[in-house]
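Colleague: Please give me a close look at the packed interior of this model, and in particular at how the parts that meet there are put together. I would like the wider setting as well, and a note on any unusual backbone geometry.

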Amino acid sequence: MAKTLAEKVWDAHVVRKGDGEGANAQPDLLFIDLHLVHEVTSPQAFEGLRLAGRKLRRPDLTIATEDHNTPTLDIDKPIADLTSRTQIQTLRNNCAEFGVRLHSLGDAEQGIVHVVGPQLGLTQPGMTVVCGDSHTSTHGAFGALAMGIGTSEVEHVMATQTLSLKPFKTMAINVEGTLRPGVTAKDIILAVIAKIGTGGGQGYVLEYRGSAIRALSMEARMTICNMSIEAGARAGLVAPDQTTYDYMFGRPHAPQGADWDAAVEYWDTLRTDDDATFDVKVDLDADTLEPFVTWGTNPGQGVSLSASVPSPEDFGDENAKAAAERALQYMGLAAGTPMKDIRVDTVFLGSCTNSRMEDLRAAADIIRGRQKDPNIRMLVVPGSARVRLEAEAEGLDKVFKDFGAEWRFAGCSMCLGMNPDQLEVGERCASTSNRNFEGRQGKGGRTHLVSPVVAAATAIRGTLSSPSDLDPAPESAAIRTSAA
Amino acid sequence: MEKFTTHTGIGVPLRQSNVDTDQIIPAVYLKRITRTGFEDALFSAWRKDPAFILNQAPFNAGSVLVAGPDFGTGSSREHAVWALKDYGFKTVLSSRFADIFRGNSGKQGLLAAELAQDDIELIWKELENAPGTEVTVDLVSKTVICGNIVAPFEIDDYTRWRLLEGLDDIGLTLQHEEDITAYEATRPAFKPTTLPARLS
């Protein structure tokens, strides 16, 4: 029978088929190839194992790092916040007790869990990847079935290396055409979420397809898959191809020698069969896409940067209308205001969505040789210690520092405002992260989700801006089109 | 896990869509390493507003939350479920739940019952017209009763069975440990392991 990519990966991991069919179907038991662990959603799971006297079944398929609750300054000093310090220490103790590999703060492989896995070559096509973090969907960029799980499921995977999962429906997101200069993967996914809504992908696995997706780099594909959860989908993936193999080759945990050849032979089978059918298809035109930005308090409340803040009256559905009214009030915005007139206070370049080398390079290319708006505070937080090192080797840290941005150590940082990197009440931020929820980046903070190049242009002009709004810089490099 | 068969308690109308888990429990409370004691964290930003529904009697004693569509979106934090339970909620009614939240609820014995939006609207009106009205959520018959309203709800059969029996997921899976071991023996050699660690 013809299958979609997601169905192939699913079927290859069935340990035990659930009994029954249709509404009475029991879930399948699936094997998990890689379990990523961090400090925030794991302590209660480790404690559960201890209380039940259970072992962690496969330490050799588990890896931990510290990211959510770590500082991005003074990382060589003890963490000032006692509760945070205790949480980090708890992860260290648990990993030592259960034999889990841990990359701690200060280690060259420490960083955001979804940056670290691919970087080490641990994320590979056709795998099942889970983590107690909803942005695990990031790893779908490799053609892996990757999903976020709650702490009870974290404990379940620790104890059994499996998950009981309900079957999903499949949705094709077809993106055809060529992105214009200054338009990026981030704009594609923000436009997709605006189109299908925050619940549109609920119960589905998304497969991103089409010429515009094929033309993207691996890091750009990660940006897209990362935000599948913002459309309600637990997982989203892209079929592996030569771009994937080129990215993987030579990474520390990529297969080597004969294993590489065997792996590629298998990976080549990981694509949706021509005669397979999706439950739903959605089309997006890459040719006409513009830089996209959010105006509201959920990631589906977005528009083209050249548009204006919508009016609640624009929404037919009563719930959407009420949500828009509430969002405008929280965001301190009036309907009809051009998005480009919105002045921001802070620019955040970072998060598992946009903190990799290409993101930093794309932003650096915009700001090089230009001046920051003096009223803007800009934070640049590399996704991992390795990214930070590579960026410094290219001199990007100097570009950011000369511009007046703060060059920080790796972590989730202001994406979720768990560590000291937070917005003040009423502060407005152009952020390359993934969530614009009320208070997400700090109590009372206001978030506009943007791409790295829009973030960079905004830091220069002080108002939400696209690179095309900038005056030519004296010796600026051409704006990259496909990156980020 | 405690068994759930039926529950009757004061209904709380939360007329809002897209209640994300950052609203249910902000990240600052996620620094704790315990599984309980999150009652103060529930909706903590909204509870600062005296007009918020949980700051009004009799809703502050509610145990059945009746929310708008797309409840529990965003972060996978199970702390959201712990906070709802610690506050005293036994069940949440909505026309659409985020997948991860729904899964987390099922693991923790919080019943996430999916109703038609029309029925949610009727229940909202009833609860607003007669604050303190009790809502009965019967998992055996998959029915919600509120005043004169009788509405069916959806829940997948597997979760329903586990809730009715109060079954521990890990224990159930470990009954099939032989299957897991057999599967492990068939995994291709090219699949990666995290140990021994290889570094850049």
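Modeller: What follows goes from the overall build to the interior, then to the contact between the chains and a few backbone details.

This is a predicted model, in which local features are reported only at pLDDT of at least 70 and side-chain atom pairs only at pLDDT 80 or more, while totals for chains, interfaces and linings use all residues. Residues are numbered from 1 along each chain as its sequence is written, and chains are lettered from A and ligands numbered from 1 in the order in which they are written.

Chain A contains 15 helices and 19 strands, where helices (H or I, at least four residues) and strands (E, at least two) are DSSP runs numbered from the N terminus. With a radius of gyration of 22 Å against the 23 Å that the globule rule gives for 484 residues, chain A is as compact as a globular protein of that length; the radius is taken over C-alpha atoms, and the rule is 2.2 Å times the number of residues to the power 0.38. Of the 484 residues of chain A, 62% are buried, a residue being buried if 20 or more other C-beta atoms, placed from the backbone, lie within 10 Å of its own, exposed if 12 or fewer do, and partly exposed in between.

The domain assignment divides chain A into domain 1 (5–283) and domain 2 (293–469), with bounds that come from an automatic or database assignment. The C-alpha centres of domain 1 and domain 2 of chain A are 24 Å apart, and 36 residues of domain 1 are in contact with 36 residues of domain 2, contact meaning that the C-beta atoms of two residues, placed from the backbone, lie within 7 Å. On the domain 1 side of this boundary in chain A, the elements giving two or more residues are helix 4 (113–119), helix 6 (185–196) and helix 8 (218–226), and the largest share, 5 residues, comes from helix 6 of chain A. By class, that side has 12 nonpolar, 17 polar and 7 charged residues; here Ala, Val, Leu, Ile, Met, Phe, Trp, Tyr, Cys and Pro count as nonpolar, Asp, Glu, Lys and Arg as charged, and the others, Gly among them, as polar.

Now to the interior itself, where the largest nonpolar core has 157 residues, and I188(A) and A363(A) have the most contacts inside it. A nonpolar core is a set of buried Ala, Val, Leu, Ile, Met, Phe, Trp, Tyr and Cys residues joined through C-beta atoms within 7 Å. Helix 6 of chain A gives the most to this core, with 8 residues. Domain 1 and domain 2 of chain A both give residues to the core, so it lies between them. Leaving aside neighbours within four places in sequence, I188(A) is in contact with V175(A), A212(A), I224(A), L284(A) and L289(A). Apart from this core lies another, of 43 residues, which includes L14(B), F38(B), L42(B) and L111(B).

Chain B has 7 helices and 7 strands, and 43% of its 200 residues are buried. Where the chains meet, 54 residues of chain B are in contact with 72 residues of chain A. Helix 3 of chain B supplies the largest share of the chain B side, 6 residues, and by class that side has 21 nonpolar, 16 polar and 17 charged residues.

Finally, the backbone. Most residues other than glycine have a negative phi, and most peptide bonds are trans. Q161(A), however, has a positive phi near 60 degrees and sits in the loop between helix 5 (151–160) and strand 8 (162–165) of chain A, where Q161(A) is buried, with 22 other C-beta atoms within 10 Å. In chain B, F43(B) likewise has a positive phi, of about 45 degrees, in the loop between helix 1 and strand 2, and F43(B) is buried with 21 other C-beta atoms within 10 Å. The loop between helix 1 and strand 2 (64–67) of chain B also holds P58(B), and the peptide bond from A57(B) to P58(B) is cis, with omega near 0 degrees. The bond from L195(B) to P196(B) is cis too, with omega near -5 degrees, and P196(B) lies in the segment after helix 7 of chain B.
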